[in-house]
Amino acid sequence: MDGIPSSSLIWKNNHPLRIDLLFQVKISYMLNINEADLIGKGAHRLCYKHPENKSLCIKVVVRGHDCALEIEREKKYYRHLQKRGISWDMIPRYYGDIETNLGLGSVFDLIYDEDFSVSKSLEYY
C-alpha cells in the first residue's frame, strides 16, 4: 500500500492504519462520534468515549476555537515523554490523531475509577 512497509500497517475493521513515528496515526476512514458519548469539556476541547475502544477517548477541538499552538505544544511534550521512556502509569498515553465527523480528534487513554466509572477531571476536585 503506497510503498509502506507491511510492518507499518495495522488493520482495524478492514481499514488500514498507517503508523508513523512519534505518534502520527493516519487513518484512511472517518470515525463517527456520537454526541451521547460526551464525557467532558475543557477550555478548548470536548472529550468523547471512543466508539470502538472503551479504553480510549477522543478529544476534539470545539468549533470556533483557535488553539492549534497549545495543542501542538502538548503533542510535542508527549513526544518528549515518549523519547525519555517514562512510565505511563500516572498520565494518559497519547496515541495520535484521527479524523472524525466532528473534526480532527486526539486519541488518549480513558482513565477509569475503581468502580469502573470514568474518572472525574482534576477540576472536579
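These legends describe close-up views of a predicted model.

**View 1. An aromatic cluster joins Tyr78, Trp88, Tyr94 and Phe108.** Ring pairs link these four residues, Tyr78, Trp88, Tyr94 and Phe108, into a cluster. The structure holds four aromatic pairs. Two of them, Tyr78 with Tyr94 and Tyr94 with Phe108, are shown in the next views.

**View 2. Tyr78 pairs with Tyr94.** The ring centres of Tyr78 and Tyr94 lie 5.9 Å apart. Their planes meet at 50 degrees, so the pair is tilted; planes have to be under 30 degrees apart to count as stacked and over 60 to count as edge-to-face. The contact links distant parts of the chain. Tyr78 belongs to helix α1 (residues 68–84), while Tyr94 belongs to strand β7 (residues 94–100). The two residues are 16 apart in sequence. Tyr78 has a relative accessibility of 10% and counts as buried, because the cut-off for buried is under 20%. Tyr94 is also buried, at 1% relative accessibility.

**View 3. Tyr94 pairs with Phe108.** Here the ring centres of Tyr94 and Phe108 are 5.3 Å apart. The angle between their planes is 45 degrees, so this pair is tilted. Again, distant parts of the chain are linked: Tyr94 lies in strand β7 and Phe108 in strand β8, 14 residues apart. Both Tyr94 and Phe108 are buried.

**View 4. Lys59 places its charge over the Phe108 ring.** The charged end of Lys59 sits over the ring of Phe108. Its distance from the ring centre is 4.4 Å. Phe108 thus appears with two partners in these views: Tyr94, through a ring pair, and Lys59, through its charged end.

**View 5. Ala43 sits in a loop.** The loop holding Ala43 runs between β4 (38–41) and β5 (45–49). Ala43 has a relative accessibility of 64% and counts as exposed, because exposed means over 50%. Val61 is included in this view for its distance to Ala43. The C-alpha atoms of Ala43 and Val61 are 9.3 Å apart in space, and the residues are 18 apart in sequence.

**View 6. Phe116 has a positive phi.** Phi of Phe116 is near 70 degrees, a positive value in a residue other than glycine. Phe116 is found in the segment after β8 (103–109). With a relative accessible area of 70%, Phe116 is exposed. Phe108, in contrast, is buried.

Definitions and conventions:
Residues are numbered from 1 along each chain as its sequence is written. This is a predicted model: local features need pLDDT of at least 70, side-chain atom pairs count only at pLDDT 80 or more; totals for chains, interfaces and linings use all residues. Side-chain values use heavy atoms; hydrogens and water are left out. Helices (H or I, at least four residues) and strands (E, at least two) are DSSP runs, numbered from the N terminus. Buried means under 20% relative accessible area, exposed over 50%, partly exposed in between (1.4 Å probe, protein chains only). Rings of Phe, Tyr and Trp (its six-membered ring) pair if their centres lie within 6.5 Å; planes under 30 degrees apart count as stacked, over 60 as edge-to-face and the rest as tilted. A charge sits over a ring if NZ of Lys or CZ of Arg is within 6 Å of the ring centre and within 35 degrees of the ring normal.
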